[in-house]
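Thanks for coming, everyone. I would like to walk you through one model this morning, and I will put the sequence and the structure up before I say anything about them.

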Amino acid sequence: QVSMEQDAAARRLKHILNAIQSDAPTIDIELTASAKSDDDVVIVSAVRTAIGKAKRGGFKDTHPTDLLAAALKGVLDRVKLDPSKVQDIQVGNVLAPGGGAVQARMAQFLAGIPETTSLATLNRQCSSGLQAVANIAGAIKAGYIDVGIGAGFESMSLHDMMGAVGDLNPKVFENEKASQCLMPMGETSENVAERYGVSREKQDKMAFESYSKAVNAIKEGHFKDEIVPVTTIVKTADGEKTQTISQDEGPRPTTLEQLSKLKPAFKQGGTTTAGNASQVSDGAAAVLLMRRSTANQLGIPVLMKFHSYAVVGVPPDVMGIGPAVAIPAALQKAGLKVSDVDIYEINEAFASQAVYCVEKLGIDMKKVNPSGGAIALGHPLGVTGARQISTLYYGLKRSNGRYGVSSMCIGTGMGAAAVFEREN
């Protein structure tokens, strides 16, 4: 049985041979489906809640533990897995007090997962959900566990972004990079647009496409398989009302003309607006991972193979360029090139940085966020990395695609990316 490493080596050999044989016909090494090993890390279930508008949407009064509990229960229910089989849970969160550790542990119990399952929370800002999945994948690969959940939850309605930084050391203002970590995200977006020449027109065009694709995705039912409905109480002027939220609230029909009329939100004469930046949102997502041999023993079909993960550092004042560095690093680990990937889920924190990353890497825009991105869907900070995995899988399944990438920029200057291969 050929190993994953040998498969990746074959891909690298193909690229090297093609590079050195520039005057000769292209050498084509046939690459069949990646070899399967019992030790592969695989995804067997991936779900999310709908994404609600922060402060004014269906989840504005919903405690974040209820959101996370719904995702944790849903990801297990999809494959009818005994909750006691889960050995560890890693949960991404950015804004909750105490890193969300107590809230996440309580959500675990609300979801019916026993105390014998361990849990930890983490905060790598906008990539927290993906980092949680990567942590579980790493634990499986290292032999620490065989079954785990990577998840994310966030209530941007109930938790304040301004309070998440904490007390400041005066010394940070004497260090350029340290002080740049305090730069408002919208200002970093303006820096990317100015430094790399991303026009307002290009940003608005990406925003328009994000909204259009998301509206169409909802119309076509693209998200139904990945969303776990949540029944909750919403407080209104007329009193409390019970609602079941099962559809993303951010997407709405718009036009390029409407987007072009919006004023800059962060800088006079700037190009970043409320229309071409991600929305603040509430939600949760969860991904169930296993060692392949364990999935086989339990008779649970594999959805995707977890191939590789990379996280990189970039200048804090242009943090949005992170995916342009992280994606090549993750692809190299997987032995793939940009054109091998069928779908890229790239977080649209701001259109400026998303446009830059796509153009820098030469990615076909048709492959990017085919069901819309964070500009339309919203960006609950600790959730997006896990949410993109469920969206990626179902997108690959609909299009009969094979390889997918999830990537995002990270506040304070980083980027993260992971490569997956659909099997089912």
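**A helix and its surroundings**

The buried residues of helix 11 pack against helix 6 (185-196), helix 7 (200-220), helix 10 (322-334), strand 10 (343-346), helix 12 (374-377) and strand 11 (403-410), where contact means heavy atoms within 4.5 Å. Please keep in mind that this is a predicted model, in which local features need pLDDT of at least 70 and side-chain atom pairs count only at pLDDT 80 or more, while totals for chains, interfaces and linings use all residues. Residues are numbered from 1 along each chain as its sequence is written, and side-chain values use heavy atoms, with hydrogens and water left out.

Helices (H or I, at least four residues) and strands (E, at least two) are DSSP runs, numbered from the N terminus. In helix 11, residues 351-361, 9 of the 11 residues are buried, so this helix is largely enclosed by the rest of the structure; buried here means under 20% relative accessible area with a 1.4 Å probe, protein chains only. Among those buried residues are Gln353, Tyr356 and Leu361, and the helix is followed by Gly362, whose phi is positive, near 70°.

Turning to the strands, strand 6 (residues 230-236) and strand 7 (residues 239-245) run antiparallel and are joined by 7 bridges, pairing being called when DSSP finds at least two bridges between two strands. These two strands, 6 and 7, form a hairpin with 2 residues between them, and within this pairing Val234 stands opposite Lys241 in strand 7.

Methods
Buried means under 20% relative accessible area, exposed over 50%, partly exposed in between (1.4 Å probe, protein chains only).
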